[in-house]
Amino acid sequence: MSSLLAHVAAGLTLYFCRTGPQPRPHISMGLPVLLAIAPDFDYFGIWFFHLRYEQRFTHSLLFCLLLSSTVWLLAKRCWPRCKTRPGFWILSLAACSHLLLDMAVGRALPLLWPLLKTEFYFPLAFLPGASHTGIISYAFWRNLLIEACMLLPVLAAVMMLIRRQPLRAHLPEILLVMSMWSGLGFCLNTGLLL
């Protein structure tokens, strides 16, 4: 699976991609973040109640769309005049971003559950995924670094394109990301991260 940080970054990116006035931090930015990590909430059943699922239905499009619809209706009712409240499409994309990120590490998911029990996957994994070796392991931090170097530029580019921000306004950030990419490429080519 992708790391928790990747899912949180995807939710925050979608919150800041909203149209209208320049989004600013608000309590409602927690909604897309919550939805971006929500499909992994079935781990609580696995960890605490030792449940075993044949297929993780929380990783289906139906679950993501039902959950985002419910959260959108509750947010609309609780914050009727809030201008920073994310819309339905932002919340739906946040929930579905979890599926995309998990598939990017090579996981097979039951996307069309309950209609089909077939699990779908990308034949090529783009991201290394979070290592299950623990937070103090070398593999965990190496994979997190690779994931950040690959994902953050993509998420930043998406946000800049949707918000129609000029590239020159973000030149320091672009140079920082380019140096991260070149450093990662050097380390991978020389075998320092393997």
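Where is the place of P114 in this chain? P114 sits in the loop between helix 5 and helix 6. The peptide bond leading from W113 into P114 is cis, with omega near 5°. I begin with this detail and shall return to that loop after an account of the whole. Please bear in mind throughout that what we are looking at is a predicted model.

Let me turn to the overall architecture. The chain contains seven helices and zero strands. Read from the N terminus, its elements follow the order α-α-α-α-α-α-α. Of its 194 residues, 38% are buried. Among contacts with a separation of 6 or more, 61% are between residues 24 or more positions apart. The exposed area of the chain is about 11,900 Å², and 73% of that area is supplied by carbon and sulfur atoms.

I shall now take individual helices, starting at the N terminus. Helix 1 covers residues 4–16, and its 13 residues reach 19 Å from the first C-alpha to the last, close to the 18 Å expected. Its buried residues are A6, H7, A9, A10, G11, T13, L14 and Y15. The cover over these residues includes helix 2, helix 5 and helix 6.

Helix 2 is next. Why may helix 2 be called largely enclosed by the rest of the structure? Six of its eight residues are buried, so the surroundings enclose most of helix 2. The residues in question are L31, P32, V33, L35, A36 and I37. They pack against helix 1, helix 4 and helix 5.

Helix 4 presents two sides. Its 18 residues should span 26 Å at 1.5 Å a residue, and its end C-alpha atoms are indeed 26 Å apart. Buried along helix 4 are C64, S68, V71 and A75. These four cover an arc of only 65° around the axis, and therefore lie on the same side of the helix. As a general point, an α-helix has 3.6 residues a turn, so residues three or four places apart point the same way. On the other side of helix 4, L66, L73, L74 and R77 are exposed. The buried residues, for their part, pack against helix 2 and helix 5.

This brings us to the interior. The largest nonpolar core has 14 residues, and those with the most contacts inside it are L31, L35, V71, L91, L99, L109 and L111. Helix 2, helix 4 and helix 5 each supply at least two residues of this core. Which helix supplies the largest share? That is helix 5, with six residues. Apart from this core lies another, of nine residues, including A9, A104, V105 and L127. In general, nonpolar side chains tend to be buried together in soluble globular proteins.

One member of the largest core, L109, repays a closer look. Leaving aside residues up to four places away in sequence, L109 touches H59, L99, D102, M103, T118, E119 and F120.

I shall finish with three residues in loops. D42 lies between helix 2 and helix 3. Is D42 buried or exposed? Its relative accessibility is 7%, so D42 counts as buried. The side chain of D42 is joined to that of T58 by a polar contact of 3.0 Å. Beyond four places in sequence, D42 touches Y53, R56, T58 and H59.

S60 belongs to the loop between helix 3 and helix 4. With a relative accessibility of 0%, S60 is likewise classed as buried. Its side chain reaches the backbone nitrogen of F63 at 3.2 Å. Not counting residues up to four places away in sequence, S60 touches L99, P110, L111 and W113. W113, we may recall, is the residue from which the cis peptide bond runs to P114.

Finally, I return to the loop between helix 5 and helix 6, where A125 is also placed. A125 is partly exposed, at a relative accessible area of 41%. Although A125 and A104 are 21 residues apart along the chain, their C-alpha atoms are separated by 5.2 Å. Beyond four places in sequence, A125 touches A104, V105 and G106. Of these, A104 and V105 are among the residues of the nine-residue core.

That concludes my presentation; thank you for your attention.

Key: Residues numbered from 1 in each chain as written. Predicted model: local features only at pLDDT ≥ 70, side-chain atom pairs only at ≥ 80, totals over all residues. Heavy atoms only, no water. Core = buried A, V, L, I, M, F, W, Y, C linked by side-chain atoms within 4.5 Å. Buried < 20%, exposed > 50% of the residue type's maximum accessible area, 1.4 Å probe, protein only. Contact = heavy atoms within 4.5 Å. Expected span 1.5 Å × (residues − 1). Arc of directions from axis to C-beta. Polar contact = N/O pair within 3.5 Å; in protein donor to acceptor, adjacent residues only side chain to side chain. Areas by Shrake-Rupley, 256 points an atom, 1.4 Å probe, with all protein chains shown as cover.
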